[in-house]
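This report is meant to be read alongside the sequence and the coordinates, which are shown directly below.

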Amino acid sequence: MSRIIENWEKTPYTISPDQIELFRTQGFIHLKKIFSEDLIGYFKGYVEDHISAPTDKYQTGFNRVKYDIFDRDAIFTALCNSSKFGGILCDLAQMNLLHTQSLGFELEKNKSIGFPWHIGTQSFGFQQWEQFGCTLWTPLVEVNNQKQGGGMAYVPKDKVSGDFMYKNVDPSVFSLVETMIEKGEDISLEEFVELRDGPLNQPAMKRILDFYAVIDDFEIGDSLLFDKFVIHKSVKLLEGEIDSRAALAMRFVDLESRYDQNRAQALEIPRKYFNYQGPTQFHLMVADQDEALLRDSMLYKGKAERFLYRQENLNYAMQKTPEQNV
Ligand SMILES: O=C(O)CCC(=O)C(=O)O
Ligand SMILES: [Fe+2]
C-alpha cells in the first residue's frame, strides 16, 4: 500500500457522538485535519493535472473542472479501502456507503464566481430522492475568509433544507420543460437555466439563505462533509497571494441506494434539447433499470474501493494502533 496512506493511517482520528449528532441535524460538519499535508499535496497535483476548461454552461463559474476523476488511482483506491477512512465517514453517516464519483473544481482569483446557491441535482440525480447522499469537500489550498475567501457557504438544513428541490422543484421543472418541448413551445437555454437556478437565487430566497449561511476557514487538511440536502454555494476568491483555489469533492451515497431512472434521464434534457455537452454521462451508466441497487451496477460491483463500511467502535483507530495513541 502507498506510503502516503500508511503514514496517514498511523494518526488516529476520532469522531465524537456530538459530531455525529451535529452532522445529522445541520447536515454538515467541518472535519479539522482529516487529511495529512502529504495527502493534500498528492490530491492537489492530481486534480491540477486532470481539470480543464469547462465545456458547458453550468460549469462556467469555474476556471477549470473535471467530473469522474481518481477512477483508477492507486493512492485514492488505498484511501477508500482504508478502514480509517471508511470508519470516519460511515460513523458520521451512521450507515455503510458507496463512493460514487469524485470531481475537481477550481476558482480563479478575482474572476470565477463558482456555483450560486444550489443542491446536487447532477451528482445525486440518479438516486431515489429521499435516500442519503453526501459530499466530502476538501479545499486544496488554505481558505481564510479574512484574507481571500474562496471557500463555500452552506445553510444548516434545520434552518432551510434543500429536500424540496429534489422532491418537488427539480422533477416539476424537468417535466414542465419536456411538456413545453413536446407541445412545440419555445424555450431558450437561458429560460431553462433560470428555471433550474432561479428558485434558490431569487431575492427573497437568497436573502434567507445568505442570512443563515455558515462560512468557515479551512486549514490544509480540513474538509467539509455535507449531505445532499444542504443548500450551498461557492465563495469568490478575492485579491491576495493565492492565484487559484482547487477543491476535491468526493460523493458518497447510502450503500443500499437505488436508481431513479426518470430522474437520471431528466438530466439529459440540456443535451437532448439544448444541444450542449453536459459535464458527465455518469448518471446514465450507473444502472440500467429503475430501482436497481446502485452497488450492483457494472461501475461498482466487485470494486472493493467503492464500498465503505461502518466500524464496530467509534475509537477503532485508537484500538487498532494503540502504540500511536500517545
Ligand atoms: O468548490 C466549489 O466551489 C463548489 C463545490 C460544490 O458545489 C460541490 O462540491 O457540490
Ligand atoms: Fe455543489
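What follows goes through the metal site, the strands, the aromatic contacts and a few individual residues of this predicted model.

## The iron site

The iron ion (ligand 2) takes its protein donors from two histidines, H118 and H232, each through its NE2 atom, and these lie 2.1 Å from the ion. The angles among the four donor atoms of the iron ion (ligand 2) run from 79 to 168 degrees, and the site is classed as irregular. A tetrahedral assignment would need all angles to lie between 85 and 135 degrees, and the range of 79 to 168 degrees at this ion therefore does not fit that class.

The histidine pair links distant parts of the chain, since H118 is placed in the loop between β3 (97–108) and β4 (133–139) whereas H232 belongs to strand β7 (residues 232–234), with the two positions 114 residues apart in sequence. Both H118 and H232 are buried.

## Strand β6 and its neighbours

Strand β6 (residues 223–227) is largely enclosed by the rest of the structure, because five of its five residues are buried. The covering applies to both faces of β6: S223, L225 and D227 are buried on one side, and L224 and F226 are buried on the other.

Strand β6 is paired with β1 (residues 28–31) in an antiparallel arrangement that comprises four bridges, and within β6 the residue standing opposite L31 is S223. Strand β4 also runs antiparallel to β6 and is joined to it by four bridges, with T135 having F226 of β6 as its bridge partner.

## Strand β8 and its neighbours

In strand β8 (residues 244–254), ten of the eleven residues are buried, so this strand too is largely enclosed by the rest of the structure. Strands β3 and β8 run antiparallel and are joined by eleven bridges; in this part of the model, H99 stands opposite F252 of β8.

Strand β4, already described as a partner of β6, is also connected to β8, to which it runs antiparallel with seven bridges. The bridge partner of P139 in β8 is A247.

## Aromatic pairs and charges over rings

The structure holds 20 aromatic pairs. One of them is formed by W129 and F229, whose ring centres are 6.2 Å apart and whose planes stand at 50 degrees, so the pair counts as tilted. Because W129 lies in the loop between β3 and β4 while F229 lies in the loop between β6 and β7, this pair ties together parts that are 100 residues apart in sequence. The two residues can also be set side by side for accessibility: W129 is partly exposed at 24% relative accessibility, whereas F229, with a relative accessible area of 15%, is buried.

Ring pairs also link W8, F35, F43, Y46, F70, F76, F85 and F252 into a cluster. The ring of W8 has K84 lying over its face, at 4.1 Å from the ring centre, and F252, another member of the cluster, is the residue that H99 faces in β8. Elsewhere, K228 lies over the face of Y166, at a distance of 4.9 Å from the ring centre.

## Selected residues and separations

Q128 is placed in the loop between β3 and β4, the loop that also holds H118 and W129. Its relative accessibility is 16%, and since buried means under 20%, Q128 counts as buried. A polar atom of the Q128 side chain lies 2.8 Å from the backbone oxygen of Y259.

G198 is located in helix α7 (residues 189–201) and is buried, with a relative accessible area of 4%. From G198 to P139 the C-alpha separation is 27 Å, for two residues that are 59 residues apart in sequence. Q146, by contrast, is found in the loop between β4 and β5 (152–154) and counts as exposed, at 74% relative accessibility. The C-alpha atoms of Q146 and K57 are separated by 31 Å, and the two residues are 89 residues apart along the chain.

Conventions: Residues numbered from 1 in each chain as written. Chains lettered and ligands numbered in written order. Predicted model: local features only at pLDDT ≥ 70, side-chain atom pairs only at ≥ 80, totals over all residues. Heavy atoms only, no water. Donors = N, O, S within 2.8 Å, 3.2 Å for Na, K, Ca; no water. Tetrahedral: all angles 85-135°; square planar, octahedral: opposite > 155°, others 65-115°. Buried < 20%, exposed > 50% of the residue type's maximum accessible area, 1.4 Å probe, protein only. Pairing = 2+ DSSP bridges. Phe/Tyr/Trp six-rings, centres within 6.5 Å; stacked < 30°, edge-to-face > 60°. Lys NZ or Arg CZ within 6 Å of the ring centre and 35° of its normal. Polar contact = N/O pair within 3.5 Å; in protein donor to acceptor, adjacent residues only side chain to side chain.
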